[in-house]
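Work through the exercises below with the sequence and the structure side by side, and try each task before reading the solution that follows it.

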Amino acid sequence: MQLVGLILGLTALARIAQLAYEYYSRRWENLLPAIDVEQATADAVETSTATKLLKLSSSAWAGFRRFVVAAKIRESADVVTFHLVPQDGKPLPAFRPGQYVMLGLKIPGQKRTIRRCYSLSSGPSAECYQVTVKQVPEGLASTHLHDKVDVGTPLNVAAPAGSFHLNETSSKPLVMISGGIGITPFLSMLEVTTKQPERRVIFVHSVRNGREHIRKEELQELADTFHQIRIITIYTAPDDCDILGIDYHGSERITVDSLVRLLGSLDAEFYLCGSAAMTKSLTVQLKDWGVPEDSIQSEGFGGATSVPAAPQPVPATTVVSSPAATQVTFQQSHKTVFWHPGMETILELAESHGVPINSVCRSGDCGACRIGILAGCVQYKDSCGDSCEEGSCLPCRAQPVGDLVLNA
Ligand SMILES: Cc1cc2nc3c(=O)[nH]c(=O)nc-3n(C[C@H](O)[C@H](O)[C@H](O)COP(=O)(O)OP(=O)(O)OC[C@H]3O[C@@H](n4cnc5c(N)ncnc54)[C@H](O)[C@@H]3O)c2cc1C
Ligand code: FES
């Protein structure tokens, strides 16, 4: 009885503390003192993708390598971590914290190999590769991984790749911002930052609530042990049992305004990972605040802004448009279509006309969409200057410069 009384008393106290916090402020950044940052592919493209991957990691392998699932660990209701070990038992090449692997999945009912990227969620010192997968509603690969892949299942894994990785030589303050499952590359990066005691690290993690907050205790322990690391947790839809000030620091979505209030200065290196919508919006805001482009790295995991456009019915051959419009010919598909100013990428143009092009990351990172340029040249969206690329291109980021003939 005494124990029950004690528990009830503690619960009441916790609730009072929560209400006091809420009364004090709804703004999460007000809950913390300002930080002085100053101080403180289809099988046809498999080869080209593999070649790119190979270039990115010198001791890596070409194409897919056979791995086997050594452990499957449930992190939350819809997130699972897989430990992957190579079937040949040979050593694994090191990777850079933040990089991902591409899985090539044979899924019943699918004619082609389904390729999906997953960030490595362990530090480079781990003896196996780890990937942490969130099951997305009606998601083909994530549902297959959750439901059909178990300890002992073989998996095809491409070598670690990706330009979104920690600059380990920099000593500039590091601000890492993740939304939801976008935490995965940071789990890897954080391990490395524990070896950089002189570098200030702020990790802002936004998630719906405590039920979806994976690795909560592990992260808390990290912040308690390594004083250069500060972790700020945002619950955008906290449950009744989530206690403000104990489980999380606030409910406001991360904006650059709130970061400025929290950090005092934006002189830092920023790493953003989450939905494409989140990373895109924060990148624009940071640039507007004057953060140099080379101080911002971001990786979008897909979702809202990267959903392929539904194919529109078009005639099998040339589409008539104004004579001044740029003409893009997809040679293998026997389609010539017109590029309209305001279109984002050649990939979107192709998809809107039913031209099949493989895509995985849709951000120019994985190389899965690479196709040959037969005539003309392209420029890259969001890149500086007016450089024109010939030979082959990544249509997920490329735009035509004049008339173009593509091998697709
Ligand atoms: C570089 C990179 C690293 C990635 N790392 C991880 C990781 O560590 N962990 C992880 O779980 N995922 C990660 N992803 C996302 C992953 O590759 C898949 O896109 C994701 O698992 C969904 O694939 P699917 O086949 O299950 O869904 P699909 O069948 O492709 O999509 C089904 C539906 O879900 C929507 N959808 C697709 N992707 C998302 C998404 N990410 N969020 C919300 N809705 C979505 C689609 O719009 C569609 O409506 C990463 C992606 C990239 C490009
Ligand atoms: S889809 Fe990954 S580079 Fe284009």
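**Exercise 1. Find how many contacts beyond four places in sequence the model has for residues 15–58, and decide how the coordinates there should be read.**

Over residues 15–58 the pLDDT stays under 50, and for this stretch the model has 82 contacts beyond four places in sequence. This is a predicted model, and where pLDDT is low, the predicted coordinates should not be read in detail. A second stretch, residues 304–323, also stays under 50 in pLDDT, and the model has 30 contacts beyond four places in sequence for it. For the chain as a whole the mean pLDDT is 81, with 78% of the residues reaching 70 or more. Among the elements of the chain, the lowest mean pLDDT, 35, belongs to helix α2 (residues 46–56), whereas the highest, 98, belongs to strand β5 (residues 129–134).

**Exercise 2. Check whether the length of helix α7 (residues 276–288) agrees or disagrees with the expected span, and work out where its buried residues lie.**

Begin with the length: α7 has 13 residues, which at 1.5 Å a residue should span 18 Å, and the distance of 18 Å between its end C-alpha atoms agrees with this. Next, list the buried residues of α7, which are Ala276, Met278, Thr279, Leu282, Thr283 and Leu286. Because these residues cover an arc of only 160 degrees around the axis, they lie on the same side of α7. The face turned away from that buried side carries Val284 and Asp288, which are exposed. What covers the buried residues includes β7 (174–179), α6 (256–263), β10 (269–274) and β11 (296–300). Finally, look just past the helix, where α7 is followed by Gly290, a residue with a positive phi near 95 degrees.

**Exercise 3. Decide whether helix α4 (residues 184–193) is largely enclosed or largely open.**

Start from the buried residues of α4, namely Thr184, Pro185, Phe186, Leu187, Ser188, Met189, Leu190 and Thr193. Since eight of the 10 residues of α4 are buried, the helix is largely enclosed by the rest of the structure.

**Exercise 4. For Glu138 and Arg215, determine the sign of phi and say whether each is buried or exposed.**

Glu138 is found in the loop between β5 and α3 (140–148), and its phi is positive, near 60 degrees, in a residue other than glycine. Glu138 has 7 C-beta neighbours inside 10 Å and therefore counts as exposed, the cut-off for that being 12 or fewer. Arg215 is found in the loop between β8 (201–207) and α5 (216–225), and although Arg215 is not a glycine, its phi is positive at about 55 degrees. Arg215 has 21 other C-beta atoms within 10 Å and is therefore buried, the cut-off here being 20 or more.

**Exercise 5. Locate Arg362, then describe which strands pair with β14 (371–380).**

Arg362 has its place in the loop between α8 (346–352) and β14, and because 23 C-beta neighbours lie inside 10 Å, Arg362 counts as buried. Its C-alpha atom is separated by 9.0 Å from that of Phe301, although the two residues are 61 residues apart along the chain. Turning to the strand itself, β14 pairs in the antiparallel sense with strand β15 (residues 392–393) over two bridges, and the bridge partner of Ile371 in β15 is Cys393. β14 also pairs in the antiparallel sense with strand β16 (residues 398–406), over six bridges, and there Tyr380 stands opposite Ala398 of β16.

How values were computed: Residues are numbered from 1 along each chain as its sequence is written. Chains are lettered from A and ligands numbered from 1 in the order in which they are written. This is a predicted model: local features need pLDDT of at least 70, side-chain atom pairs count only at pLDDT 80 or more; totals for chains, interfaces and linings use all residues. Helices (H or I, at least four residues) and strands (E, at least two) are DSSP runs, numbered from the N terminus. The expected span of a helix is 1.5 Å times one less than its number of residues. The arc is that of the directions from the helix axis to the C-beta atoms. Two residues are in contact if their C-beta atoms, placed from the backbone, lie within 7 Å. pLDDT is the predictor's confidence in each residue, from 0 to 100. Two strands pair if DSSP finds at least two bridges between them.
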